[in-house]
Amino acid sequence: MTVSENTHRTVVPAGIIDPVASARAELKAALAAIEVKGNFPRRIEKASQRAAAKARTFADRNPIGAVAAAVGIAAIVGGAVWVIARALSR
């Protein structure tokens with residue numbers, strides 16, 4: 001679902017004269033907005049897809065920088081695991 005589809009679902013249409021229809025439209029838009037904001041697995045999935053696409057683009061443009069970034073991230077994660085393991089072993 002794209003941003004425009006989410007926005008389209010969460011906007012109350014203009015020109016509704018009937019108060020009951022207006023209330024229904026507002027409720028429908030509010031529930032759609034709650035679903036969009038509260039669906040954390042979908043939001044996390046979309047964010048990880050965007051990050052992976054950015055990483056691929058970065059790796060295509062700068063392969064040496066991508067290798068350096070991967071080594072740096074691995075060092076940071078390895079260091080964090082080592083610190084946690086050492087703290088737990090004492």
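**Exercise 1. Determine what share of the chain's residues counts as buried, and how its accessible surface is made up.**

Solution. Of the 90 residues of the chain, 8% count as buried, where buried means under 20% relative accessible area, exposed over 50% and partly exposed in between, with a 1.4 Å probe and protein chains only. This is a predicted model, in which local features need pLDDT of at least 70 and side-chain atom pairs count only at pLDDT 80 or more, while totals for chains, interfaces and linings use all residues. Residues are numbered from 1 along each chain as its sequence is written, and side-chain values use heavy atoms, with hydrogens and water left out. The accessible surface of the chain comes to about 7500 Å², computed by the Shrake-Rupley method with a 1.4 Å probe, and 68% of that surface belongs to carbon and sulfur atoms.

**Exercise 2. Describe the secondary structure, then place V12 within it and list its contacts.**

Solution. Begin with the elements: the chain holds four helices and zero strands, taken as DSSP runs (H or I of at least four residues for helices, E of at least two for strands) numbered from the N terminus. Next, locate V12, which lies in the loop between α1 (3–9) and α2 (19–38). V12 counts as partly exposed because its relative accessible area is 33%. Finally, setting aside neighbours within four places in sequence, V12 is in contact (heavy atoms within 4.5 Å) with A25, E26 and A29.

**Exercise 3. Identify the residues of the nonpolar and the positive surface patches, and give the exposure of one member of each.**

Solution. Patches are made of residues with over 30% relative accessible area and no salt bridge, like charges being joined within 9 Å and nonpolar side chains (Val, Leu, Ile, Met, Phe, Trp, Tyr) within 5 Å; a salt bridge is a side-chain nitrogen of Lys or Arg within 4 Å of a carboxyl oxygen of Asp or Glu. The nonpolar patch consists of L27, L31 and I34, with about 320 Å² of accessible area together. I34 is found in helix α2, and I34 counts as exposed because its relative accessibility is 57%. The positive patch is formed by R42, K46, R50 and K54. R50 sits in helix α3 (residues 40–61), and R50 is exposed, with a relative accessible area of 52%.

Definitions and conventions:
Lys and Arg count as positive and Asp and Glu as negative; His and the chain ends are not counted. The place of a charge is taken as NZ of Lys, CZ of Arg, CG of Asp or CD of Glu.
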